[in-house]
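Colleague: I have the model open and some time to go through it. Can you walk me round?
Modeller: Sure, have a look first.

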Amino acid sequence: MAVRKLMDGNEAGAYAAKLARVEVIGVYPITPQTEMVTRLARMVADGELRAKYITTESEHAAMSICAGASAAGARVFTASASQGIVYMEEVLWAVAGQRLPVVMAICNRSIAFAGSVRATHSDSLLQRDNGWIQMYCENSQEVLDTILQAYRIAENRDVYLPVAVCLDAFSLTHTAMPVEIPDQKDVDAFLPPYRHEYVQLDPDIPQEIVYGPEPDDVTEYTYQREVAMQNAKAVIREVDKEYGRRFGRPYGGPLEEYRCDGAEGVLVTMGSITGTAKDVVDEMRGRGEPIGLVKLRAFRPFPSEELRAIAGRVKAIGFVDRNFSLGSAGGGIGCVETARALYPMEKRPTLLDFIIGLEGRDVTPEQVEHIAKRVLDAARTGKAEREVEWVQLRS
Amino acid sequence: MEKVQIKRFSRPRTWKELPIETAGSSINQLGGSGGQVVKTGDWRAFRPAVDADKCVQCGMCETFCPENAITIKEEGVAVDYDYCKGCGICVHECRVNAISMVKEVV
Amino acid sequence: MSKEDVHALQLPGHLCCPGCAGPIGSKLILKALGRRVICFGPGGCGGMAVKTVPCFTLHFSGVGTGAGGIAAALEMKGKTDITVLSFAGDGGTSDIGFGKLSACAERNDNIIHLCCDNEGYMMTGIQKSSATPYKAWTTTTPTGKVTWKKDLVMIMAYHYVPYIATATIAYPEDFVGKVKKAAGIQGFKYIHILQPCPTGWRFPSEQTVEISRLAVQTRAWNLYEIEEGTVRITQKPKPKPVKEYLAPQGRFRHLAEPDVEEIQAFVDSQWTRLERLDGRNLWEAQ
């Protein structure tokens, strides 16, 4: 029987790992992830989850332990944020490079300024090159559901790439929302036991000797991962559809179109800002304003095809970037990626960028409405008053 | 050696041919060397020559050869000259001076 | 373990320098354990031997961690007959991976950690590590290292792990016995292997085993084990002056007589300390 409970994103993450029957958990605490992993410690101690819970001395070790365990046949889970992600950076490249289906929750937190602990997407976006799939969650329910989906995506034989499930610091990790916890039997039917078809550390498996030219295969191995990333696009769609059928909560695959039909302009959001933005869109639609919203769920692989399809129907797109890329080609990371995705189009909508919500600064409905108005203005006039706007900047 | 499969390639492999489990590590592929075995015999300038009459088959040369290129067989000491790098440890460790280094002939 | 099996477990054709002690050490380890092992590495340049057992590599800085993960997974799968080996060089073990090693020991991860000590970062061209001995030349200590070699063995002893040992290639039965003993113990085992490096220590490649033997004979390197805290010296050779160990090595070529005396005094005091501990338990009140 599915059970409804009030829980924050951290607890939802812990429940998801438990339902996924993870076997090895490598842990190092960091705000705002700590409660996710301490909750798991209690689950293991109480016998609710049969797993090896390994306390490590650093995030680098936590991810290395997960890597070793995954290669040796165990389903693994870990979580981190900010400095922790940066500290384990080199291992993240190895995990993706070695095609290990590790699932990690990233509790998006800004990277080093002294005392910075609040939400920014920099830590996960930093991983956009190395082959990690990354998905963003709007609420606690989605955290639980996406982690379960993540194992199916990661362990798909055409993918075998690690998946980061991202949730905003504090606004998701520490904010309680109603969550439906699916029944373990139903999850077992959705998520079979882990068995990597290719990577198995086992003395009984024959080893291979290759006699041939000097090994110089990095280009080819990297290309294999790009192919896997492209395969992941279809897998993300299919897994989400199946999840929707089984549990009644489909999320639209790599992105969700919210009231985009008949919209002249759309906002693109990632993470918890989506919740506020959906409310604003509802209100503005109630007043007859032709605004819509695209909730970007998967940032990697970037859903270029889906965005282009939407872009073909609207006149302006405003990307809401909870990140920054100083000195970039123009604006935050999401906007720069979107620009490339839209580039091949013969007729492109106006693209605006809005940098907002850095270091967890509260994104208010008024600010979202301001963004929406800018987008609708650009839709009407055909050009943007400003291409990049730092919305909350005190100046 | 049924636990080891041999594959030969005369050219570098395409991205479709490379097994994905060997990317970046050596799972299912010979550990440490990235799966490649190089005929290191052409490194040497001197080769060990064994005097079978002096050899007492103590096994010291086999134990200490870093290349694992020496095998004590029934007929005597066998050196795999495809791999011997000519380091000279076998010569130095032989208790009865049965091995000597001979200049390699090109 | 028959000779054929060792030849099947490690193949020739690796890219180590001629005379490298690393493959000799790895041969002895595989001879001790056979096929039911999983290796985590890479284990410094000596770890490049061509092994036909499963090997998993991460970064050289991730000392012991991947092995801990592998051991955890095997435990969850109920595969109890496989020994997990963690190879690391002295640079990985004593410098960049020191914290990781300490954490593995503190958690008592069920692995054998093998520190393949060639006393420097040799793969990158002979740079100093915490395990480089006093006064040794390296490319980053061209006038000789001014600090003493870090005593990793004693540091590990105070992590209260079940088994610690030192070994070197010139004493193969001693080495193999220690590896076998470690494999039979649950928990974190640490074996520190002195592996002379002809390229970095500057001696002719045929002398690798001889230098390893001289290290023990001059007491520059002592062979002992610490089992549940009890120290036991496993080789007590008739001592030779440490000069006989230093002289053949080009990295000590610049040493003057007072330097050699200082090193002899240190070696003597280390031996005396070890002798006093022989048969005693380090973890109990002395």
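Modeller: One term before we start: two strands pair if DSSP finds at least two bridges between them. And keep in mind that this is a predicted model.

Colleague: Fine. How many bridges join E2(A) to E3(A), and do they run parallel or antiparallel?
Modeller: Four bridges join strand E2 (residues 24-27) of chain A to E3(A), and the two strands run parallel. One of the partnerships is A:Val24 with A:Lys52 in E3(A).

Colleague: What is the strand order of the sheet they sit in?
Modeller: The order is E3-E2-E4-E5-E7-E6-E13, in chain A. This is an open sheet of seven strands, and its pairing is mixed.

Colleague: Which are the edge strands?
Modeller: Strand E3 (52-55) and strand E13 (298-300) of chain A. Each of them pairs on one side only.

Colleague: By what angle are neighbouring strands turned against each other?
Modeller: By 20° on average, with direction ignored.

Colleague: Switching to backbone oddities. Which peptide bond before A:Pro32 is cis, and where is that proline?
Modeller: The bond from A:Thr31 to A:Pro32 is cis, with omega near 5°. A:Pro32 is in the loop between E2 and helix H2 (34-45) of chain A. There is also a cis bond from A:Arg300 to A:Pro301, with omega near -5°. A:Pro301 lies in the loop between E13 and helix H11 (304-311) of chain A. For background, most peptide bonds are trans.

Colleague: What about the phi of C:Tyr160?
Modeller: C:Tyr160 has a positive phi of about 60°, although it is not a glycine. Its place is in the loop between helix H6 (152-157) and E7 of chain C.

Colleague: Why is C:Tyr160 called partly exposed?
Modeller: Because C:Tyr160 has 15 other C-beta atoms within 10 Å. A buried residue needs 20 or more, and an exposed one has 12 or fewer.

Colleague: And C:Arg202, what is its phi?
Modeller: Near 65°, a positive value in a residue other than glycine. C:Arg202 lies in the loop between helix H8 (198-201) and H9 of chain C. It is partly exposed, with 16 other C-beta atoms within 10 Å.

Colleague: You mentioned H9 of chain C. How many of its residues are buried?
Modeller: Seven of the 10 residues of helix H9 (residues 208-217) of chain C are buried, so this helix is largely enclosed by the rest of the structure. Among the buried ones are C:Thr208, C:Ser212 and C:Arg213, as well as C:Ile211 and C:Leu214. H9(C) is followed by C:Arg219, whose phi is positive, near 65°.

Colleague: Now E8 of chain C. How much of it is buried?
Modeller: Six of the six residues in strand E8 (residues 189-194) of chain C. C:Lys189, C:Ile191 and C:Ile193 point one way. C:Tyr190, C:His192 and C:Leu194 point the other way. That fits the general picture: in a regular strand the side chains alternate between the two faces of the sheet.

Colleague: Which strands is E8(C) joined to?
Modeller: Six bridges join strand E6 (residues 112-117) of chain C to E8(C), running parallel. C:Cys115 has C:His192 as its bridge partner there. Six bridges also join strand E7 (residues 163-168) of chain C to E8(C), again parallel. On that side C:Tyr163 partners C:Lys189. The chain crosses from E7(C) through helix H7 (residues 172-183) of chain C to E8(C), and this β-α-β crossover is right-handed.

Colleague: Chain B next. What is the order of its elements?
Modeller: From the N terminus, β-β-α-β-β-α-β. That gives two helices and five strands. Buried residues make up 42% of its 106 residues.

Colleague: How many residues do B and C each put into their contact?
Modeller: Chain B gives 34 residues and chain C gives 38. H2(B) supplies the largest share of chain B's side, four residues. By class, that side has 15 nonpolar, 12 polar and seven charged residues.

Colleague: Last one. Which residues have the most contacts inside the largest nonpolar core?
Modeller: A:Ile147, A:Val165 and C:Ile70, in a core of 227 residues. C:Ile70 touches residues of chain A, including A:Gly68 and A:Leu201, and residues of chain C, including C:Phe40 and C:Val84.

Notes: Residues are numbered from 1 along each chain as its sequence is written. Chains are lettered from A and ligands numbered from 1 in the order in which they are written. This is a predicted model: local features need pLDDT of at least 70, side-chain atom pairs count only at pLDDT 80 or more; totals for chains, interfaces and linings use all residues. A nonpolar core is a set of buried Ala, Val, Leu, Ile, Met, Phe, Trp, Tyr and Cys residues joined through C-beta atoms within 7 Å. Two residues are in contact if their C-beta atoms, placed from the backbone, lie within 7 Å. Ala, Val, Leu, Ile, Met, Phe, Trp, Tyr, Cys and Pro count as nonpolar, Asp, Glu, Lys and Arg as charged, and the others, Gly among them, as polar. A crossover is right-handed if, with the strands pointing away from the viewer, the path from the first strand over the helix to the second runs clockwise. Axes are lines fitted to C-alpha atoms, for helices over the stretch in contact, and angles run from 0 to 180 degrees between N-to-C directions. Lists of a residue's contacts leave out its neighbours within four places in sequence.
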